[in-house]
Structure formats: C-alpha cells, structure tokens
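Here is a colleague's note to read beside the coordinates. Please go through the points with the model open.

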Amino acid sequence: MQLTFNNINQLWSYVLAETLKRLGLSCAIICPGSRSTPLTVAFAKQSPDIEIVSILDERSAGFFALGRAKATGKPVVLVCTSGTAGANFYPAVIEAKESRVSLLILTTDRPAELRECHSGQTIDQVKLYGNYPNWQNELAIPSADMGMLSYLRQMVIHAWERCQFPNGGAVHLNVPFRDPLSPIADGTDFNLDCEEFFDGIIPTQSHFANYPLPKEWELCNRGIIIAGVAQPKEPEEYCRAIAYLAQTLHWPVLAEGLSPVRNYTAINPYLISSYDIILRNQQIAQELTPKMVIQIGEMPTSKELRNWLIATKPYCWLVDKSIKNLDSLHGKTTHLRISIEEMERRDNRKIEKRSVDEYLERWCDIENQVRTKIDANIGNIDELIECKAAWLISQILPPGTPIFISNSMPVRDVEFFWKPNNLKIRPYFNRGANGIEGTLSTALGIAYYQQSSVMLTGDLALLHDTNGFLIRNKFIGHLTIVLINNNGGGIFEMLPIAKFDPPFEEFFATPQDIDFAKLCATYNVQYELISSWENLTARLRLLPKHGIRVLEIKTNRKSDAKWRMENLNKFAEYLAT
C-alpha cells in the first residue's frame with residue numbers, strides 16, 4: 001500500500017503511530033493542546049485499531065493510563081502538548097517505575113531554535129522526569145528522508161521494548177515539531193510503501209524458562225513463603241505456582257492482603273492471612289522463628305512481619321524478575337531474578353515427605369484460632385467502623401471483581417482483616433511510591449472496559465483526585481467507590497503525633513468538612529449514604545454495568561483508631577491463653 005504525504009509532521013507522526021499499532025499498542029490517552037496536534041491527528045486516524053481516549057487533566061490522564069496498563073497488562077501511550085503539561089505526568093511516571101507498569105510518554109515540544117528565547121509555553125523537557133524512566137530520549141526534528149524515517153521506526157521499537165523489558169516502567173520520548181502543526185500542505189511530497197517499510201514488525205513477547213527448585217529449599221523443614229504485594233497479569237497462574245511450591249515444600253504461605261493469593265483459597269491450603277496479628281504475640285513469634293524464607297515479590301506492608309524478620313535473621317531467597325534491589329531489610333538474601341511462574345514444576349517429582357510437618361501444622365492451627373476470633377468479633381459489630389468495610393467486602397463482591405485499594409489506612413485494613421475467600425477477586429493498588437495522587441483516575445483506568453469494578457478509599461485520597469470525575473462522560477464500564485469518610489487522615493491517628501494537639505488536627509489530620517453528596521452532584525456522579533452493613537451488602541452483591549457511583553460510609557476517626565490499637569493486640573494475646 002502506497003501513501004502520499006503533503007505534510008512532514010503528519011508523515012513523521014504516521015510512522016510513529018503505525019509502528020506502535022503494529023507492535024501491539026491498543027490504547028492511547030491524548031491530552032488537548034496545540035503542539036501535539038500532529039500526533040493527535042495521527043493517533044485519531046488509527047482508531048478503532050488503537051482506542052483513543054481524550055482526557056483534560058494531565059495528572060488524571062497519567063494515572064488513568066497507569067490503571068489501564070495495570071488492568072490490561074499492556075503498555076499505554078500518553079500524549080501531551082509542550083510546557084508544563086508534561087510535568088503533570090510526573091507522579092504517574094514515578095509510580096510506573098516503582099510498581100513496574102509500562103507507560104510510553106510522548107511529550108511534544110518546540111524545536112531547538114524556539115528554546116531558551118522566552119518563546120511561549122516552552123520549558124526544558126529533555127530528561128524531564130529525571131532518573132525515573134526506564135529510558136528517555138529526544139527525537140530528531142521530522143524529516144522526509146527514508147533514512148530518518150527508518151531511524152524513527154527503530155527508536156519507537158526500542159522505546160516500546162524498554163518500557164516492558166527487563167522490567168515494566170515509563171519510557172519518555174520528547175517529540176519536537178516545527179510549524180505547521182495542522183495537517184495542511186507544506187510543500188512535502190513523499191510516497192511511502194507501507195507494507196515494505198513496516199514489514200517484520202511484530203508484537204514483542206516474553207518467554208518463560210524453567211528454573212529448578214534449589215536443593216536448600218527441599219532440605220529445610222522450617223521454612224515460610226511470603227506472598228507479597230502483587231498484581232500479576234495472570235493471577236490464577238500466579239496463585240497456582242505459589243500453591244505448587246507450598247505443597248511441594250510443605251511450607252506455610254503468609255499472604256499479604258494485596259496479593260491475589262488470599263482470593264484463591266481452594267488451591268492454597270497452607271494460607272496464613274493473620275500473620276501480622278500472630279506476630280504481635282512475642283511468645284508465639286519466637287516459637288515460629290523460621291530457618292529459611294522465600295519472599296515472592298515485594299515485602300508486605302506489615303511492620304510486625306518486617307521487624308520479626310529483622311530480629312530472627314532467617315536466610316532469604318527473593319523470587320522476582322526485577323533488576324532492582326528489593327531487599328529493604330538488608331538481610332542474608334539471594335535474589336533469583338525470575339518469576340514464580342518460571343520455577344520448574346515436575347508433577348512426578350519424588351520429594352521425601354517429612355514424618356510430621358509440625359512447623360506447618362502449628363502455623364495452620366494458629367491461623368485457624370486467630371481467624372475464628374477475628375471473624376466472630378468483627379461479624380458482631382453493628383456500628384459503622386472502618387475495619388469492617390475491608391472484612392465485609394472480601395466476602396460479598398461478585399466473583400472476579402477488580403478492586404482498587406487506596407493507600408494509607410485502606411491498604412492496612414485490607415492486610416489486617418481481608419478474609420481469605422475463593423471469589424478470585426483481583427486487587428489493584430499503587431504501592432510503588434505509596435502516594436495518594438491519582439487514586440480515582442487509576443481506579444477508573446482499571447475499570448474502563450473491564451468487569452464492573454470497586455474502589456475502596458478514604459476521603460482525603462478521593463479529594464486529592466476529584467478531577468478524575470471529569471472522565472465520566474468518556475468512561476465505559478462501571479466503578480463503585482466505597483468511600484470511608486472519617487473527615488481527615490485516619491492513618492495519622494495510629495502514630496505517636498496524634499497525642500500532640502495542637503498541631504495534630506490542623507497539620508496532620510487536616511479535616512476538610514466536605515459534603516460529598518454536593519460534590520458528586522457537581523460532577524453528575526451517583527451518590528448514596530450507607531446507613532448499615534446490610535445496606536452496603538445489598539449495593540455490592542450485584543454491581544451496575546455502567547456509570548460511576550459513590551457509597552459513603554461515615555465513621556469516627558479517633559474511635560476507629562482506638563479500636564484497632566486495642567483489638568489487634570487482644571487477638572494476639574488470646575493465643576497465649
């Protein structure tokens with residue numbers, strides 16, 4: 001197929017967009033602006049092969065793209081104009097690096113002759129995101145030359161690969177354009193043989209290899225597996241790989257609430273969900289000291305677990321494909337840079353079974369005791385209290401529901417109280433940099449075109465990203481937002497600074513006194529005040545198919561913090577009786 005171009009910027013932008021399409025790009029997020037006109041027009045012409053979503057606010061767009069990439073497991077492209085527009089992508093770039101999510105960021109720019117001369121809407125965009133991208137570069141000025149077009153093609157292919165391998169993350173290409181920006185004739189007359197030029201471009205794929213289980217694992221009779229925070233592309237395959245390892249070694253699996261493992265109990269019989277509470281009992285913690293730990297992915301949120309591992313100093317094997325240093329405890333650690341799915345499985349292998357797996361049985365017995373105590377206690381709570389939201393949601397969502405869990409107190413309540421189930425719920429989160437920016441936009445990106453989804457968040461995190469509601473007119477799918485409104489930063493109530501007021505309320509808790517019913521009305525978002533747990537259960541058992549809905553649960557920040565501090569320790573003390 002021969003195409004003729006009479007505008008150099010459109011030729012350049014076509015090659016860029018077409019190359020990405022052939023590599024497998026399925027979604028591009030476009031923010032409005034003038035300098036980005038050539039790219040916007042080129043991507044718009046790729047629809048419907050590439051889905052194009054226009055989002056006004058760049059920070060919201062960055063996190064929407066992040067959520068979309070999390071949900072699909074594929075890179076998403078972000079496009080913006082010149083100047084400060086690209087700076088608003090920065091928080092999403094940081095989170096993409098830290099949580100290994102693939103984003104390809106295209107910031108358009110003025111040419112070199114319009115820089116450093118006070119030309120409007122011009123800043124230094126080269127290496128705009130510091131060291132956070134996996135790779136970054138500035139493209140040459142567009143040229144109607146076959147050699148330069150081949151250069152562009154190869155740069156785009158390399159950028160696509162670098163945002164995925166060896167680890168996911170952001171790649172930044174700064175793309176300068178001279179006028180004219182609109183697709184009008186500029187004297188260019190160039191014919192491109194598309195089939196010949198793009199021949200050989202295929203989607204990039206990764207390949208698994210089998211890695212044998214280390215002999216040291218098979219010989220150890222006091223080992224634990226830690227399933228840390230994880231949002232794998234294929235959660236059931238991930239959970240089966242962990243279950244296979246646990247049943248091969250006869251080791252318990254301490255599963256973080258943000259791991260899909262807690263939602264696949266049928267295939268994980270050695271699951272331990274209450275480890276944070278168990279380890280608060282010093283006598284039991286000493287009794288359960290392991291000789292060896294297999295840590296899969298990043299370390300769970302629990303400080304109790306971290307402090308226990310620091311104190312007991314077991315030998316640790318870290319299983320994760322990341323090239324980064326993930327040993328935050330600085331222990332005796334061997335990092336196997338593979339995925340758990342790549343561990344060799346031989347169903348006919350014969351591993352000598354130990355006569356009595358006393359260590360495993362002890363872990364499972366204690367888990368049953370603590371889980372029974374937690375369920376009985378929380379199940380009998382009628383008043384609206386924060387901790388019960390996570391516990392209840394883990395039992396009532398439709399099977400397979402994606403849920404985005406906001407940072408600060410929600411992630412901790414999930415770790416403490418999320419009840420193991422077999423609902424195959426898919427947890428998502430931004431635990432790379434652990435910020436509260438972009439939570440709503442990320443959740444909308446995850447829910448877009450997916451199964452009806454849920455978000456669990458506090459009031460401050462939601463308020464930090466209300467511009468995300470501007471996506472509502474373009475949003476396809478459904479998101480229910482379970483809003484825990486304790487009028488402030490509940491997590492700070494758990495810290496020693498809470499005893500010092502002033503300055504606590506004004507500078508740490510920072511209550512905003514927002515009427516969320518009116519806020520939702522402003523954005524034309526459905527709102528409902530939850531009056532009871534039965535009310536919440538009825539709203540979550542069957543989720544709508546379309547739109548955005550806020551379910552507000554009003555709680556008392558100080559009494560909730562007091563309940564946690566008293567009862568978490570009580571659950572642990574119970575084990576000693």
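**Notes on the predicted model**

1. **Ile-403 and its contacts.** Setting aside neighbours within four places in sequence, Ile-403 is in contact with Ile-393, Leu-397, Trp-418, Ile-425, Arg-426, Pro-427, Tyr-428, Val-454 and Leu-456. Keep in mind throughout that this is a predicted model.

2. **The largest nonpolar core.** This core has 62 residues. Ile-403 is among those that touch the most other members, together with Ile-278, Leu-305, Trp-308, Trp-363, Phe-417 and Leu-540. Which helix gives the most to this core? Helix H13, residues 386–396, does, with seven residues. Another core, of 49 residues, lies apart from it. Its members include Ala-69, Ile-105, Phe-404 and Ala-447.

3. **The second largest pocket.** Its volume is about 460 Å³. The lining counts 18 residues. Arg-280, Lys-303, Arg-412, Phe-416 and Met-494 lie nearest the centre. By class, the lining has seven charged, seven nonpolar and four polar residues. Three helices each supply at least two lining residues: H11 (303–312), H14 (409–417) and H20 (557–573).

4. **Asp-276.** This residue sits in helix H9, residues 275–278. Is Asp-276 buried or exposed? Its relative accessibility is 4%, so it counts as buried, the cut-off being under 20%. Not counting residues up to four places away in sequence, Asp-276 touches Ser-302, Lys-303, Glu-304 and Phe-416. Two of these contacts, Lys-303 and Phe-416, also appear among the residues nearest the centre of the second largest pocket. As for spacing, Asp-276 and Leu-288 are twelve residues apart in sequence and 13 Å apart in space, C-alpha to C-alpha.

5. **The six-stranded sheet.** The sheet is open, and its pairing is parallel. The strand order is S11-S10-S9-S12-S13-S14. Which strands form the edges? They are S11 (271–272) and S14 (333–336), each pairing on one side only. S10, residues 253–255, pairs with S11 over two bridges, in the parallel sense. Val-253 has Leu-271 as its bridge partner in S11.

6. **Val-261, in the loop between S10 and S11.** Val-261 belongs to the loop that runs between these two strands. A loop position need not be open to solvent here: Val-261 is buried, because its relative accessible area is 0%. Leaving aside neighbours within four places in sequence, Val-261 is in contact with Ala-227, Tyr-238, Cys-239, Ile-242, Val-253, Ala-255, Asn-268 and Leu-271. Among these contacts are Val-253 and Leu-271, the bridge partners of point 5. Val-261 and Tyr-523 are 262 residues apart in sequence and 37 Å apart in space, C-alpha to C-alpha.

7. **Strands S2 and S3.** S2 (residues 27–30) and S3 run parallel and are joined by four bridges. The bridge partner of Ile-30 in S3 is Ser-54. S3 covers residues 51–54 and has two faces. Which residues make up the covered face? Glu-51 and Val-53 do, while Ile-52 and Ser-54 are on the uncovered one.

8. **Two cis peptide bonds to check.** One joins Asp-179 and Pro-180, with omega about 0°. Pro-180 is in the loop between strand S7 (170–176) and strand S8 (190–193). Another joins Pro-502 and Pro-503, with omega about 15°. Pro-503 is in the loop between strand S18 (478–485) and helix H17 (504–509).

9. **Positive phi at Asn-487.** Asn-487 is not a glycine, yet its phi is positive, about 55°. The residue lies in the loop between S18 and H17. That loop also holds Pro-503. Asn-487 is partly exposed, because its relative accessible area is 23%.

10. **Positive phi at Thr-510.** Here phi is near 45°, again a positive value in a residue other than glycine. Thr-510 is in the loop between H17 and helix H18 (516–522). Buried, partly exposed or exposed: which applies to Thr-510? It is partly exposed, with a relative accessible area of 23%.

Technical notes:
Residues numbered from 1 in each chain as written. Predicted model: local features only at pLDDT ≥ 70, side-chain atom pairs only at ≥ 80, totals over all residues. Heavy atoms only, no water. 1 Å grid on protein atoms, 1.4 Å probe; cavity = no way out; pocket = protein on both sides within 12 Å on 5 of 7 lines; lining within 4 Å. Points joined across faces, edges and corners; volume = space filled by probe spheres on them. Nonpolar A, V, L, I, M, F, W, Y, C, P; charged D, E, K, R; others polar. Pairing = 2+ DSSP bridges. Core = buried A, V, L, I, M, F, W, Y, C linked by side-chain atoms within 4.5 Å. Buried < 20%, exposed > 50% of the residue type's maximum accessible area, 1.4 Å probe, protein only. Contact = heavy atoms within 4.5 Å.
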